[in-house]
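Here are my notes on this one, as promised. Have the structure open while you read.

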Amino acid sequence: MITVLFFASAKEAAGVSSRTFDVSVPMSVGQFAEMLSREFPPLHALMPSIRFAVNRTITDSSGMISDGDEIAVLP
């Protein structure tokens, strides 16, 4: 299980401040961003300006997400 925290306009687009997701295998931040776009379609338009922090460290799309991580979605 990972915890996702949404901030500012990403929070408004997602309609929630946080959400948990069941992640059974590691995935890249890029793959996770695609999953979020499908789960929260209003986020899709924001993706070019969104950055992700995995366990409080900003990472690019090649960074990896594993079970137990905390992901911040930062516009």
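1. Start with strands E1 and E7: in this predicted model, E1 runs parallel to E7 (residues 70-74), and four bridges join the two. Across that pairing, Leu-5 sits opposite Ala-72 of E7.

2. E1 also pairs with E2 (residues 18-21), this time in the antiparallel sense and again over four bridges. Here Val-4 has Arg-19 as its bridge partner.

3. Look at the side chains along E1 (residues 2-6), which alternate. Ile-2, Val-4 and Phe-6 face one way and are buried, whereas Thr-3 and Leu-5 face the other way and are not.

4. Arg-19 is worth a second look, since its salt bridge to Glu-39 has N and O atoms 2.9 Å apart at the closest. Arg-19 belongs to E2 and Glu-39 to helix H2 (residues 29-39), so this pair ties together parts 20 residues apart in sequence. Arg-19 is partly exposed at 32% relative accessible area, and Glu-39 is partly exposed at 37%.

5. The salt-bridge count comes to two, and Arg-56 with Glu-70 is one of them, at 3.8 Å from N to O. Arg-56 is in the loop between E4 (51-54) and E5 (57-59), while Glu-70 is in E7, 14 residues away. Arg-56 is exposed at 74%; Glu-70 is partly exposed at 27%.

6. What about Asp-69, in the loop between E6 (64-65) and E7? Asp-69 is buried but has no salt bridge, and the nearest oppositely charged side chain, Arg-56, is 11 Å away. The Asp-69 side chain does make a polar contact with that of Asn-55, at 2.9 Å. Among the other residues Asp-69 touches are Met-1, Ile-2 and Met-64.

How values were computed:
Residues are numbered from 1 along each chain as its sequence is written. This is a predicted model: local features need pLDDT of at least 70, side-chain atom pairs count only at pLDDT 80 or more; totals for chains, interfaces and linings use all residues. Side-chain values use heavy atoms; hydrogens and water are left out. Buried means under 20% relative accessible area, exposed over 50%, partly exposed in between (1.4 Å probe, protein chains only). Two strands pair if DSSP finds at least two bridges between them. Lys and Arg count as positive and Asp and Glu as negative; His and the chain ends are not counted. A salt bridge is a side-chain nitrogen of Lys or Arg within 4 Å of a carboxyl oxygen of Asp or Glu. A polar contact is a pair of N or O atoms within 3.5 Å; within protein, one must be able to donate a hydrogen and the other to accept it, and residues adjacent in sequence count only if both atoms are side-chain atoms. Contact means heavy atoms within 4.5 Å. Lists of a residue's contacts leave out its neighbours within four places in sequence.
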